[in-house]
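Trainee: I've just opened this one and I'm new to it. Can you walk me through it?

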Amino acid sequence: HYRPGARFKARDGFCPLGARVVPAVDVLNPDALAGRVEVDGVVIHEFTTGDRVRGVPQLIADVTEFMTLQAGDVLALGVAHGALMVEAGHAVVLTIDGIGSLRLRVEAA
């Protein structure tokens with residue numbers, strides 16, 4: 001499949017993941033989690049995981065039609081339409097309520 005958005009998140013040395021994995025039993029409804037993205041302390045995007053095209057059950061069903069998922073596998077989802085392009089030096093915080101926050105500083109390649 002042609003995925004033009006992949007070039008924005010599939011860079012050498014770049015795949016930020018949180019420090020821990022939250023077990024599925026600890027997430028009551030994965031399709032109803034509120035979150036936000038901050039760049040340099042300014043909220044630039046608010047969302048809910050229910051905004052995705054496919055919910056978690058459908059996403060897993062679709063993906064497992066052509067590949068086998070193993071414990072520890074990660075499905076990376078696309079960025080929101082119109083997402084701000086960050087630049088070197090920006091501090092980014094992604095927070096999902098009830099899960100936690102991922103903090104990073106963008107560096108030049």
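Trainee: Which residues make up the largest nonpolar core?
Mentor: Val37, Val39, Phe47, Val92 and Val106, 5 residues in all. A nonpolar core here is a set of buried Ala, Val, Leu, Ile, Met, Phe, Trp, Tyr and Cys residues joined through side-chain atoms within 4.5 Å. Buried means under 20% relative accessible area, exposed over 50%, and partly exposed in between, using a 1.4 Å probe and protein chains only.

Trainee: Anything I should know about the model itself?
Mentor: It's a predicted model: local features need pLDDT of at least 70, side-chain atom pairs count only at pLDDT 80 or more, and totals for chains, interfaces and linings use all residues. Residues are numbered from 1 along each chain as its sequence is written, and side-chain values use heavy atoms, with hydrogens and water left out.

Trainee: Back to the core, then. What is Val39 in contact with, leaving aside neighbours within four places in sequence?
Mentor: Ile44, Leu84, Val86, His90, Ala91 and Val92. Contact means heavy atoms within 4.5 Å.

Trainee: And how much of the protein counts as buried?
Mentor: 13% of its 109 residues.

Trainee: OK, new topic. How many helices and strands are there?
Mentor: There are 2 helices and 4 strands, following the pattern α-β-β-α-β-β along the sequence. Both are DSSP runs numbered from the N terminus: helices are H or I with at least four residues, strands are E with at least two.

Trainee: In what order do the strands sit in the sheet?
Mentor: The order is S2-S1-S3-S4, in an open sheet with antiparallel pairing. Strand S2 (42-48) and S4 are at the edges with a single partner strand each, so one side of each has no neighbour in the sheet. Two strands count as paired if DSSP finds at least two bridges between them.

Trainee: How many bridges join S1 to S2?
Mentor: 6 bridges, with the strands running antiparallel. Glu38 stands opposite Val43 in S2. The two strands form a hairpin with 2 residues between them, and Asp40 in the turn has a positive phi of about 50°.

Trainee: What about S1 and S3, how many bridges there?
Mentor: S1 (residues 34-39) and S3 (residues 91-96) pair over 5 bridges. Val37, one of the core residues, stands opposite Leu94 in S3, and Arg36 has Thr95 as its bridge partner.

Trainee: Which residues of S1 are on its covered face?
Mentor: Gly35, Val37 and Val39, while Ala34, Arg36 and Glu38 are on the uncovered one.

Trainee: And the hairpin of S3 and S4, how many residues between the strands?
Mentor: 3 residues, and Gly98 takes a positive phi near 85° there. S3 and S4 (residues 100-105) pair over 6 bridges; Ala91 stands opposite Arg105, and Val93 opposite Arg103.

Trainee: Last thing: how many salt bridges does the structure hold?
Mentor: It holds 3. A salt bridge is a side-chain nitrogen of Lys or Arg within 4 Å of a carboxyl oxygen of Asp or Glu. One of them joins Asp97 and Arg36, with the closest N and O atoms 2.9 Å apart. That pair links distant parts of the chain, Asp97 in the loop between S3 and S4 and Arg36 in strand S1, 61 residues apart.

Trainee: What about Asp31 and Arg52?
Mentor: Their side chains meet in a salt bridge at 2.4 Å, N to O. Asp31 counts as partly exposed at 24% relative accessibility, and Arg52 does at 23%.
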